[in-house]
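Colleague: I would like to go through the pockets of this predicted model with you, and to ask on what grounds each statement about them rests.

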Amino acid sequence: MADKLTNAQIAWRAAQDLPDGAYVNLGIGFPEMIAKFKPQGREVIYHTENGVLDFGEAPPAGEEDWDLINAGKKAITLNAGASFFHHADSFAMVRGGHLDVAVLGAYEVSENGDLANWSTGPGSVPAVGGAMDLVHGAKQVWVVTDHVTKKGEPKLLRQCRLPLTGVACVTTVYTSLAVIDIRGGRFVLREKLPGMSLDALQALTEATLVVESPVKDLVVPEV
Amino acid sequence: MNKVYATIGDALDGIEDGMDVMIGGFGGAGAPIELIHALVDRYETTGSPGRLTVINNNAGNGAVGIAAMIYAGMVARMVCSFPRSSDPKAFTEKYLAGEIGLELVPQGTLAERIRAGGAGIPAFYTPTSYGTDVAEGKPVAEFDGRHYVQERWLKADVALIKAECADAKGNLTYRKAARNFSPLMAMAARTTIVQASRIVAPGEIGPEHVVTPGIFVDRVVQVANPQQEEALLREGAK
């Protein structure tokens, strides 16, 4: 096994935890890949902020209907039983606690569950979209991310340095090296790559990794 | 009662310099392209209406729709959640040059502020943005052990809306995900102007199928076979 998971493998791992019958919002970009890896036989209903519940795969090229898109402005199709609704209803589903899982990407996550994923600071055009709403309301808020930045610096921190998206909102982080739950303001290690020692993982993680029960192997097929 | 106007020009009468204009649509879905471009043409011909505040989820894409308004120079300020797009040049250049204002509002808060504006609720509390830069300066309160940020209602002078079907009493339906912000904006504007692909006799939209009741709509004009912003951009519209 390679020394870290690809994004597709991180998405695969997160997908294995999707509860049957769940209402789920997958963030634009990386988190969207999770839908591809949903385990057979499990029913998941996807929500998108712009007002569609129960959408399916992208249509074949040339068959797009640009009035039928997701929050990433990509063309989608509908499953039987889908519905349309306006934005206030859509975000009532979000803030009102009706979603089971929301999955987002991250620049940084802190051990108390703070998330920074919308702004790299001054100098660019700020854009937040629905991220600040999504982190409050879903019963579980998952993050999928590389374990470290492109420069190799930790993304799992004691405190976020970049502007926050939300405070104490993340429940689980699926990284390229580990699966980590956030409980009681601490990173609790659930799984790690079998070839990696706890010390090596800790060296790439700024905040302390807590081990409460035996750490399982993070084993993901080639996808 | 007949809210149907014969021409787009008539339907757009009374939009003045400095007004707040809500424009329906999320990305290209639901963008009232014909209403927007008639307004751009009017500005380019007469120099008015300018200095507008435009309220939309985004801040234009490519060079059509809201991006065309920005290029024309008629927009002083955007209120939106996501001023980025596949081609955000129109807004980005003016923003970085300090020539256009931006009020950044989280998407769900934007929707709820507009809904509150239409519903007569001057302020409300939301967990969204608590503890972030976006909440700076806003009152915070604790309810049942959790912190919430106070947000104010958002209203407008005018809303420009794209509907699929309308009747003379202003009842509306929308096409697929083109609905998005439009039912909220129709409530929150003093004058709601709608372009509809079809106009039918009252009663033809079944009462159980009306999405926006006519009380929220002031003017309706038919635009059969309307342009779709995303389709235009993909065709390489300039």
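Modeller: Let me begin with the second largest pocket, whose lining residues divide into 12 nonpolar, eight polar and six charged.

Colleague: What makes a residue of that lining count as polar or as charged?

Modeller: Asp, Glu, Lys and Arg count as charged, and Gly is among those taken as polar, so the six charged residues of this lining belong to those four kinds.

Colleague: How large is the second largest pocket, and which residues are the closest to its centre?

Modeller: The second largest pocket has a volume of about 620 Å³, and of the 26 residues that line it, A:Glu32, A:Ala35, A:Phe55, A:Gly56 and A:Glu57 are the closest to its centre. Two elements of chain A, β1 (22-26) and β2 (44-48), give two or more residues to that lining, and β2(A) has the largest share, with four residues.

Colleague: What makes A:Glu32 a lining residue of the second largest pocket?

Modeller: A lining residue has an atom within 4 Å of a point of the pocket; A:Glu32 is one of the residues that line this pocket, and therefore has such an atom.

Colleague: Which elements supply the lining of the largest pocket?

Modeller: The largest pocket, with a volume of about 980 Å³, takes at least two lining residues each from β5 (101-104), α3 (131-134) and β8 (140-145) of chain A and from α7 (229-234) of chain B, and α7(B) gives the most, with three residues.

Conventions:
Residues are numbered from 1 along each chain as its sequence is written. Chains are lettered from A and ligands numbered from 1 in the order in which they are written. This is a predicted model: local features need pLDDT of at least 70, side-chain atom pairs count only at pLDDT 80 or more; totals for chains, interfaces and linings use all residues. Side-chain values use heavy atoms; hydrogens and water are left out. On a 1 Å grid over the protein atoms alone, a cavity is a set of points where a 1.4 Å probe fits but cannot get out, and a pocket is an open set with protein on both sides within 12 Å along at least five of seven lines; lining residues have an atom within 4 Å of a point. Grid points are joined across faces, edges and corners, and a volume is the space filled by probe spheres set on the points.
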